[in-house]
Amino acid sequence: MRTFPPAKLALVVMAFALSCITAHAQSAAPTAVARAFPLAPPPGPQIAPTPLTDSNDGFVPIFNGISLDGWDGDPRYWRVENHEIVGEVTAEAPLKQNSFLIWRGGRPANFELKAEFRLNPLGNSGINYRSDEVPGTKWLMSGYQADIDGPNRYTGQNYEEWARTFLAPRGTIAYVATGQKPAIIASLGSADDLAAFIKSNDWNEYHLIIRNNVLIHILNGHVMSEVIDEDTVNRKMSGLLGLQLHVGPPMKVEYRTVLLKTLP
């Protein structure tokens with residue numbers, strides 16, 4: 001067996017210890033490959049969002065496709081044609097005030113609503129929810145509205161008819177406090193960029209998610225506006241649903257596949 005003088009033996013031991021420390025550090029440090037491809041998740045079920053789907057599970061139709069049973073509106077302006085709800089203003093029968101087709105099946109509080117619509121380029125319409133009828137009038141509503149207009153300047157925004165008016169323009173998340181004007185607290189994208197997802201003079205799908213004081217407007221799969229309504233004096237937590245015909249030039253709007261899902 002080879003022997004070393006005591007001083008030299010101490011140096012050999014120290015060198016061996018340093019080599020062990022270096023080897024351990026190199027083995028513990030992640031390589032470039034490991035950094036680029038992290039370790040696989042542990043086995044077992046993983047909690048993650050599922051891919052985007054177009055499921056109507058839990059939704060029920062509130063328009064039967066053949067009549068306006070369950071709905072109430074001025075028959076001069078509202079009818080069913082080709083399995084669609086049609087609202088039309090003509091030069092012979094102009095509107096003197098906005099006119100709504102009101103669903104009489106209840107006063108939804110927390111819900112999701114899906115509805116397809118088509119509007120001519122000069123038209124102006126909207127879907128009202130958590131609304132009331134204006135006292136002393138007929139077929140006129142006040143309340144939250146998922147706005148729709150032919151030029152698509154306002155389509156997607158949250159407008160409160162006959163009340164606080166503009167709550168959240170398209171492309172914004174707005175916070176409304178008691179006694180204060182709506183405050184924009186975040187952006188969903190520019191109004192012009194979001195307008196590119198709206199089909200002019202063609203069928204579009206509104207998807208409203210209304211729960212407690214959070215009101216989300218989705219159009220063709222894109223979030224257009226959101227309101228967080230903390231105005232405990234003026235907000236509404238339930239109310240009527242209605243489809244709007246707006247005062248203005250002759251116009252035509254069509255709705256189909258109107259579906260409602262109640263939320264807890």
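**Salt bridges, a buried asparagine, and the empty spaces**

Glu88 counts as partly exposed, at 24% relative accessibility. I start there since Glu88 has a charged partner: its side chain meets that of Arg79 in a salt bridge, at 2.9 Å from N to O. Arg79 is partly exposed as well, with a relative accessible area of 29%. Before going further, please keep in mind that this is a predicted model.

Side chains of opposite charge can pair when their charged atoms come close. How many salt bridges does a search of the whole structure find? The count is 12. I will go through some of them.

Next is Asp132, which forms a salt bridge with Arg107. Here the closest N and O atoms are 2.7 Å apart. The two residues sit in distant parts of the chain, 25 residues apart, and the pair links those parts. Asp132 is in strand β7, and Arg107 is in the loop between β5, residues 99–103, and β6. As for accessibility, Asp132 is partly exposed at 23%. Arg107, at 44%, also counts as partly exposed.

Now Glu160 and Arg164. Their side chains meet in a salt bridge at 2.5 Å, N to O. Are these two residues buried or exposed? Glu160 is buried, and Arg164 is buried too. The pair also has further company: a network of salt bridges links Glu160 and Arg164 with Asp229 and Asp231.

Glu160 brings me to Asn158, which is found in strand β9, residues 158–161. Why does Asn158 count as buried? Its relative accessible area is 1%, and the cut-off for buried is under 20%.

What is Asn158 in contact with, once its neighbours within four places in sequence are left aside? The list includes Tyr129, Tyr144 and Gln145. It also has a run from Thr165 through Phe166 and Leu167 to Ala168. Further along the chain come Leu215, His217, Ser225 and Val227. Another residue to look at from here is Ile216: it is 58 residues from Asn158 along the chain, and the C-alpha atoms of the two are separated by 8.7 Å.

On to the empty spaces, starting with the closed ones. The structure holds two cavities of 30 Å³ or more. The largest has a volume of about 60 Å³. Among the residues that line the largest cavity are Phe117, Leu119, Ile148, Asp149 and Gly150, along with Ile198, Lys199 and Asp202. Two elements give two or more residues to that lining: β6, residues 111–119, and β8, residues 141–149. By class, the lining of the largest cavity divides into four nonpolar, five polar and three charged residues.

The second largest cavity holds about 40 Å³ of space. Its lining consists of Ile62, Trp71, Leu113, Ala115, Ile127, Asn128, Leu241, Gly242, Leu243 and Val258. The elements with two or more residues there are β6, β7 and β16. Which element gives the largest share to the lining of the second largest cavity? That is β16, with three residues. In this lining, eight residues are nonpolar, two are polar and none is charged.

Now the open spaces. The largest pocket has a volume of about 350 Å³. It is lined by 16 residues, and those closest to its centre are Leu52, Thr53, Asp54, Lys114 and His207. β6 and β13, the latter covering residues 204–211, each supply at least two residues of this lining. β13 gives the most, with three residues. By class, the lining of the largest pocket has five nonpolar, five polar and six charged residues.

The second largest pocket holds about 170 Å³. What lines the second largest pocket? One part of its lining is the run Pro94, Leu95, Lys96, Gln97, Asn98 and Ser99. Asp74, Arg76 and Tyr77 are also in the lining, as are Lys138 and Trp139. These residues divide into four nonpolar, three polar and four charged.

To recap for anyone turning to the structure now: β6 gives two or more residues to the lining of the largest cavity, to that of the second largest cavity and to that of the largest pocket. The buried pair to look up is Glu160 and Arg164, in a network with Asp229 and Asp231. That is all from me.

Note on methods. Residues numbered from 1 in each chain as written. Predicted model: local features only at pLDDT ≥ 70, side-chain atom pairs only at ≥ 80, totals over all residues. Heavy atoms only, no water. 1 Å grid on protein atoms, 1.4 Å probe; cavity = no way out; pocket = protein on both sides within 12 Å on 5 of 7 lines; lining within 4 Å. Points joined across faces, edges and corners; volume = space filled by probe spheres on them. Helix = DSSP H or I, 4+ residues; strand = E, 2+ residues; numbered from the N terminus. Nonpolar A, V, L, I, M, F, W, Y, C, P; charged D, E, K, R; others polar. Buried < 20%, exposed > 50% of the residue type's maximum accessible area, 1.4 Å probe, protein only. Contact = heavy atoms within 4.5 Å. Salt bridge = Lys/Arg side-chain N within 4 Å of Asp/Glu carboxyl O.
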